[in-house]
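Good morning, colleagues. I should like to take you through one structure, beginning with a single loop position and working outwards. Please look at the sequence and the structure first.

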Amino acid sequence: MQLSVSKNVHIVEPGDFEPTDHWYPRVLNSNIHPLVSYFLNLSTEQIIERYNRLHPQSDSELLKDILSYKPSYLKWAGTDLMYVVNKLGQRRIALIETNSCPSGQKSMPLLDLNVEQGGYKRLIEGTFKPMVDSWPESGALAVVYDKNGMENIGYAATIAEVFNEHVYLVNCSDFNESVKFEDGVMYVWVNASGWVKIRAAFRYVTQKPWELIPEKCGTLLLNPLEACLAGGRNKEMAEKAYLKFNEVNDPLGLQILTPATFLNVEYSQLQEYYQMLDKAMVIKVPTSNAGQGVMTVTNDNEFLDALNRLKSFQDNNLIVQQLVKAAPAHAAKNEKTWHHVGTVPDLKGRSYAFDIRMMVHYTERGMKPLAIYSRRARAPLNMGTTNNSWDVYGTNLSIRHEDGWSYEDERLMLYDVRDFGYIGLGLYELISGFVQSCMAVYAIDRQAVEMFSEKSRVYNGK
């Protein structure tokens with residue numbers, strides 16, 4: 001039970017965790033698929049050995065360094081991946097983007113039925129608690145968030161139980177009324193006590209966090225703002241990190257696979273890229289998220305609509321990405337053109353584009369997978385054309401309304417005994433997705449270190 005202590009601030013206490021409040025209803029009654037459970041319990045050594053068997057050109061020592069790397073900033077992340085194939089029949093897991101405030105717990109069946117907090121507890125015990133235990137500052141604990149209350153209230157209740165102390169839960173819709181920073185330290189307003197110092201906070205602020213949270217924060221954050229600025233919340237910076245990673249590590253057999261991506265595209269150049277990419281592309285606003293500011297374009301009408309919607313961004317550089325297509329892979333002009341493998345056809349023969357959300361976190365045993373689920377598009381890949389390509393290719397469940405966010409959870413696909421076979425993934429794809437995720441975290445965090453380490457307060461407990 002949450003106790004309101006000021007506008008947008010509540011206290012969450014030990015014992016407040018209620019499973020029915022923190023998972024989608026059908027997830028509560030689901031059982032994790034045995035193959036997924038097996039994957040989540042693999043050791044780092046098993047993953048490296050298996051990956052190296054399937055990618056004999058890869059450097060196993062380099063992969064070991066990446067999977068055991070301790071991030072300075074991005075200790076918890078979610079990646080959006082896609083299962084793709086080319087004209088040669090080569091199947092791959094491609095990285096679409098990395099998120100420094102990922103959702104996913106509410107969509108993940110329990111790995112251990114005896115631990116009712118599931119992945120909430122694995123993240124807090126395995127990542128957040130070791131950080132806080134090594135942090136020298138005093139003060140209270142908090143969760144600050146701007147959406148996804150289902151998960152963030154669950155995190156607050158889990159933190160309260162793990163630390164055996166109350167936690168301030170702060171809805172950031174009126175951030176400046178509830179939170180302030182003095183010399184980089186966070187304070188939360190409590191009516192009875194005034195401004196309360198926060199020693200550490202779990203952060204799920206996704207909408208322009210750089211306008212609310214300072215760099216060089218004197219309050220320990222999971223994740224700090226630097227993780228967002230270096231690529232966790234900026235698609236342009238993320239792509240630069242991937243390119244730098246590939247330049248160094250591709251000769252050693254490790255590559256972050258993304259669709260062909262073009263940075264610093266001016267509004268006036270969109271027509272040129274539309275023609276170059278055979279009238280099939282994705283346009284992205286670099287700092288957008290949750291499916292906002294992302295447009296698929298597959299015909300002239302959609303292109304003109306995109307130009308109209310992007311008029312307010314004429315002074316901003318955009319990102320253009322090659323569209324992962326619906327057509328059969330054998331129709332491609334070359335092996336660098338990727339197509340959706342799609343879900344296993346249903347009884348009506350319909351196959352859908354889907355993504356894979358892989359949530360990972362750093363633990364004392366290195367990087368570990370934490371949660372995984374998929375989201376399918378609204379319209380099938382193989383049932384003719386539609387006037388709205390987003391229905392065929394768009395997989396994000398988040399919908400932003402004037403009065404807040406909603407989710408089309410009917411398109412959610414669980415990794416349970418019922419849905420997993422329909423998705424069509426095997427152990428190889430799960431391992432490949434995890435490796436792609438860890439390489440992305442490594443690339444973005446190394447870029448953050450280059451950008452911020454000399455002026456930011458980084459504390460790894462060493």
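Let us begin at Ala260, which sits in the loop that lies between helix H9 (235-249) and strand S11 (261-265). Helices and strands here are DSSP runs, numbered from the N terminus, with at least four residues (H or I) for a helix and at least two (E) for a strand. Before going further, I note that this is a predicted model, in which local features need pLDDT of at least 70 and side-chain atom pairs count only at pLDDT 80 or more, while totals for chains, interfaces and linings use all residues. Residues are numbered from 1 along each chain as its sequence is written, and side-chain values use heavy atoms, with hydrogens and water left out.

Is Ala260 buried or exposed? Ala260 falls between the two: it is partly exposed, because its relative accessible area is 33%, where buried means under 20%, exposed means over 50%, and partly exposed is in between (1.4 Å probe, protein chains only). Which residues does Ala260 touch, not counting those up to four places away in sequence? They are Val320, Gln321 and Gln322, contact being heavy atoms within 4.5 Å. Ala260 and Gln322 are 62 residues apart in sequence, yet their C-alpha atoms are 5.3 Å apart in space.

This brings us to the sheet. Its 4 strands form an open sheet in the order S11-S14-S12-S13, with antiparallel pairing; two strands pair if DSSP finds at least two bridges between them. S11 and S13 are the edge strands, each pairing on one side only. On average, neighbouring strands are turned by 20° against each other, direction ignored.

We may now follow the pairs. S11 joins S14 over 3 bridges in the antiparallel sense, and Val265 stands opposite Leu318 in S14. S14 (residues 318-322) also pairs with S12, antiparallel and over 4 bridges, with Met281 opposite Gln322. On to S13 (residues 294-297): 4 bridges join this strand to S12, again antiparallel, and Ile283 has Met295 as its bridge partner.

In a regular strand the side chains alternate between the two faces of the sheet. Strand S12 (residues 281-284) is covered on both faces: Met281 and Ile283 are buried on one side, Val282 and Lys284 on the other.

Helices lie against this sheet. H9 lies across S11, S12, S13 and S14, at about 130° to S11. Helix H11 (residues 300-309) lies across S12 and S13, at about 155° to S13. Axes are lines fitted to C-alpha atoms, for helices over the stretch in contact, and angles run from 0 to 180 degrees between N-to-C directions.

I turn next to a pair of helices. The axes of H8 (residues 225-232) and H14 come within 8 Å and cross at roughly 110°. H8 and H14 are therefore roughly perpendicular, a term covering 65 to 115 degrees. Among the residues of H8 that meet H14 are Leu229 and Ala230, and among those on the H14 side are Ile444 and Met451.

Finally, the interior. The largest nonpolar core has 92 residues, and those with the most contacts inside it include Trp76, Ile159 and Phe434. Such a core is a set of buried Ala, Val, Leu, Ile, Met, Phe, Trp, Tyr and Cys residues joined through side-chain atoms within 4.5 Å. Helix H14 (residues 427-452) gives the most to this core, 13 residues. Apart from it lies another core, of 23 residues, among them Ile11 and Cys217.

Technical notes:
Angles under 35 degrees count as roughly parallel, over 145 as roughly antiparallel, 65 to 115 as roughly perpendicular and the rest as oblique.
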